[in-house]
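Biologist: I would be grateful for a close look at one part of this structure, set in the context of the chain to which it belongs. Please choose a single element and describe its surroundings in full.

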Amino acid sequence: MNADNASTRRSFLKSGALLAAPLAAVAAPAVIAADDELKARLARLEDEAAVRDLHQSWLRRVNSGAAGAATPFADSKNVALDGSVRSIAADHSAEPDAIEIAADGKSAVGRFPCAVEIERTIPQDCTLAQMAHAQGGGFVRQTERRLLKVEYAKASGAWAIVKAEFALA
Amino acid sequence: MPGTPYPKEQMHRIAYTKLSEQQITSKLSGVSGPASASPLSDVFVGKSIRIVTDKGPALVYAFSKNNRLSVAENGGTVVQAGYGALTLDNIIFFAHLIPGAQRGYAVAIDQSTNLATVFELWFSGYEDNREIQREIYYGYVEQTGQEAPKARHAPTNRIDGKGYYWKQDTGAETLEFYPSAAYSNFVELSRFGGELSFCGPSDYIKINEDFCIYTRTECEFSGTFTAYVIDLNRVEQIGVRLGFDANDALEYYVFRGKGEWLGQLAQFEKFGDETGAPVPAAAEGQTPAKGARRVYRPFKTMAKMTPAQVDAVCAKHTSAFAPRAISPGANAPAASMAGNLGPSTSWLAGKSFTLHYDHAPAMEYRFDDAETLQWRKEGRDWTKARYQAFESSPGVVLFGHLLEGEPNHDGHSIVADFHQGLVTCLNGYLNTPYFANEAGVKIHFGVIEMEGLIPPKYRRHELTDEMIGRAVSQNYAPGLTSMHLYTTPHSLSWIIFTNADAGGLEWSGPAAYVKIRDGLYFMYWLEEACNGTLGTILVNLHTMRDVGIGYNCGENGLNMNALGAHERLAGHFDVKRFYQVKASGGAV
């Protein structure tokens, strides 16, 4: 899917550049430089889009409680979110999401303001808590504003999450 | 010499026989229809009906007499059975067993809508065969040439908070409280003398705004099932009782009763939430099995220890007011109940006094600091102990400590009123008769002897019934809210709220109430045949806070801990009059 989209966008942008050339009446080396710049920009946009897709896909897994929520991680040992996180939703009242692709295009950092629903299990240290668990409760859920910072790496043309952690918003 | 109204053992102490399937089959053989003290209704005589249920059986009935019917389940074989039917306004309620089987049906039909609720009932569906299982089906009575109605009776929380006095045509008198849409609370006035209240899983089904159906299964006890239709306005009931009593005799009768409305407790769900099944029958994502319901089984799950085992665990681990990290384990201090604990006081630090109890040895105290005291009894050696103190009201201090070296591992929870010179001690102890780790309690009243303080000569704190009938909710910490219902002068029940703040599971235990001042009550409850805990709390109705001290021995040792909650008044039932001891026949 991503490859198809990239191909389409590249074709469109290339066409645009070619179309723009006569109007700008630039010299040949300048056209080549502009083409390289466009390619680099295109690559960044494609990477950003891929990272965003990966992020959304991962959030869907987290929010649906999918057992494979760790799948997008490059190394499952680095899964930073513990089992207490029940859902993550975009915080549209905060700063916009930011995705920075490294200059070499091999790593990226995403910063996503979000509202995190956290579930805390109440220890069964008294009759009241034991009964709460017995009736299917025994936990507390609360939503907190957090900044989700995610580090990504690209290997073999595919992005994966290296690390995800929450910071106070 | 008339007898007393009290049983040899209270319900939670009766060793109900573990009846085998064969024994139950034998006891049911030859049983025809249910008994009835009231005349049975002939409303069905000569008629046939077909009841269609959603996800349940289709039942074809033909009623030849007012006590004989034939029934075919799902088009199957027609069987003859005895039955009993009673009517209440437009509602018909009837019950029957299937001959040769350990099951039967109880059915409520609203003649004005033709809607029906069908309870399928059966024995031997749980490890304790005598405990009746039930599945509820909603449907209608088929009407020739008419479309099936779309409406159904449905589970409801609209009955939540009600309480009634009932007198059946059998003479049985009860107080019944519905503080949860999943459980209920009952006081057997005539069968057990009304000392204690007990709880059981319950169903509440709305027929319409004026009529509902209630059920209760006495799980953890006899396993007996009771179901009845209530006319909420006239306060009348018709229903069935099915099960085996403490002597294993079959109780199977339909009944009619009249009652009194005792009051209405508050509900804490959001407005608009009329969820009738606040406690899901199965875990999230799982399909409940037939008859599934959440049942609190404290007797089954509690630790049951001998005196030797108690001595051993106490020697291994005893702690008072220890931070949780110091005392791990399933029976560690109940830190969860200390989330809303108020600040402790250091007011006692540096002070010394003697507590003179009227009927117990005097206790001398020297308070080294805010957490360490020394005590001695009757001039014996001083013993150091860890304590915590809380000033609930000006001059009234709750403090507690364990009594190291006492053979029964005593713990004292003490309310001392330094403005009045009065003291009450709830003396917890172990090595009780049924299970050694189950706490017992003695109440000591007395006075404070202290420099500059002249105590009264005759006045004492006293047991009170001022709290009886009240309900008070307690929020101990986020996600941990319960409600106390002070059901009788000698017991209370606790209802655990769900995350939607609906009443959920409920249990009860022996209790007592001491008045310290107006609006200030010191009370205890014993989790007998439960976790064995002695809970003591000082309830301040002026600040709507409670502070308390728990005392518990389990497999991980003996612990004393502090607890505290924010409270809300939840209403009141008018019940004190039912506990007056009369000249003959005991209570009521």
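Modeller: The bounds of a domain, as used below, come from an automatic or database domain assignment. The model is predicted. The part chosen for the close look is strand 33 of chain B, which comprises residues 503-517. Its setting should be given before its details.

Chain B contains four helices and 37 strands. Its radius of gyration is 27 Å, close to the 25 Å that the globule rule gives for 588 residues, so chain B is as compact as a globular protein of that length. The C-alpha trace of chain B spans about 90 × 60 × 45 Å along its principal axes. Half of the chain is enclosed in the sense used here: 50% of the 588 residues of chain B count as buried. Among the contacts in chain B with a separation of 6 or more, 54% are between residues 24 or more positions apart.

The assignment divides chain B into domain 1 (11-161 + 197-257) and domain 2 (307-576). The C-alpha centres of these two domains of chain B lie 44 Å apart. Their contact draws eight residues from domain 1 of chain B and 13 residues from domain 2 of chain B. On the domain 1 side, the residues that touch domain 2 of chain B comprise two nonpolar, four polar and two charged.

The chosen strand can now be described. Of the 15 residues of strand 33 of chain B, 12 are buried, so the strand is largely enclosed by the rest of the structure. Its pairing with other strands may be taken in turn.

Strand 32 of chain B, residues 491-497, pairs with strand 33 of chain B in the antiparallel sense over six bridges. One of the bridged pairs is Ser491(B) with Pro510(B), the latter in strand 33 of chain B. These two strands form a hairpin with five residues between them, and Asp501(B) in the turn has a positive phi of about 65 degrees.

A second hairpin follows from the pairing of strand 33 of chain B with strand 34 of chain B, and this one has two residues between the strands. Here Gly519(B) takes a positive phi near 75 degrees. The two strands run antiparallel and are joined by six bridges, with strand 34 of chain B covering residues 520-526. Tyr513(B) has Met523(B) in strand 34 of chain B as its bridge partner.

Strand 29 of chain B, residues 462-463, is also antiparallel to strand 33 of chain B and is joined to it by two bridges. In this pairing Leu463(B) stands opposite Val514(B) of strand 33 of chain B.

Which residues does Met523(B), the partner of Tyr513(B), touch beyond those up to four places away in sequence? They are Met467(B), Ala511(B), Ala512(B), Tyr513(B), Val514(B), Ile537(B) and Val539(B). Met523(B) is also prominent in the interior, for it and Val229(B) have the most contacts inside the largest nonpolar core, which has 174 residues. Both domain 1 and domain 2 of chain B give residues to this core, so it lies between them. Another core lies apart from it; this has 16 residues, including Val51(A), Leu54(A), Ala108(A) and Val116(A). As a general matter, nonpolar side chains tend to be buried together in soluble globular proteins.

The turn geometry invites a comparison with loops elsewhere in chain B. Most residues other than glycine have a negative phi. His409(B) is not a glycine, yet it has a positive phi of about 55 degrees. It is located in the loop between strand 25 (396-402) and strand 26 (411-417) of chain B. His409(B) counts as buried because 25 C-beta neighbours lie inside 10 Å. Met544(B), likewise not a glycine, has a positive phi of about 55 degrees. The loop that holds Met544(B) connects strand 35 (534-540) and strand 36 (545-554) of chain B. Met544(B) is partly exposed, with 16 other C-beta atoms within 10 Å.

A further loop residue is Pro433(B), between strand 27 (422-429) and strand 28 (440-449) of chain B. Pro433(B) is exposed, since 8 other C-beta atoms lie within 10 Å. From C-alpha to C-alpha it is 9.7 Å from Pro307(B), although 126 residues separate the two in sequence.

Technical notes
Residues numbered from 1 in each chain as written. Chains lettered and ligands numbered in written order. Predicted model: local features only at pLDDT ≥ 70, side-chain atom pairs only at ≥ 80, totals over all residues. Rg over C-alpha atoms; globule rule 2.2 N^0.38 Å. Buried ≥ 20, exposed ≤ 12 C-beta atoms within 10 Å, placed from the backbone. Contact = placed C-beta atoms within 7 Å. Nonpolar A, V, L, I, M, F, W, Y, C, P; charged D, E, K, R; others polar. Core = buried A, V, L, I, M, F, W, Y, C linked by C-beta atoms within 7 Å. Pairing = 2+ DSSP bridges.
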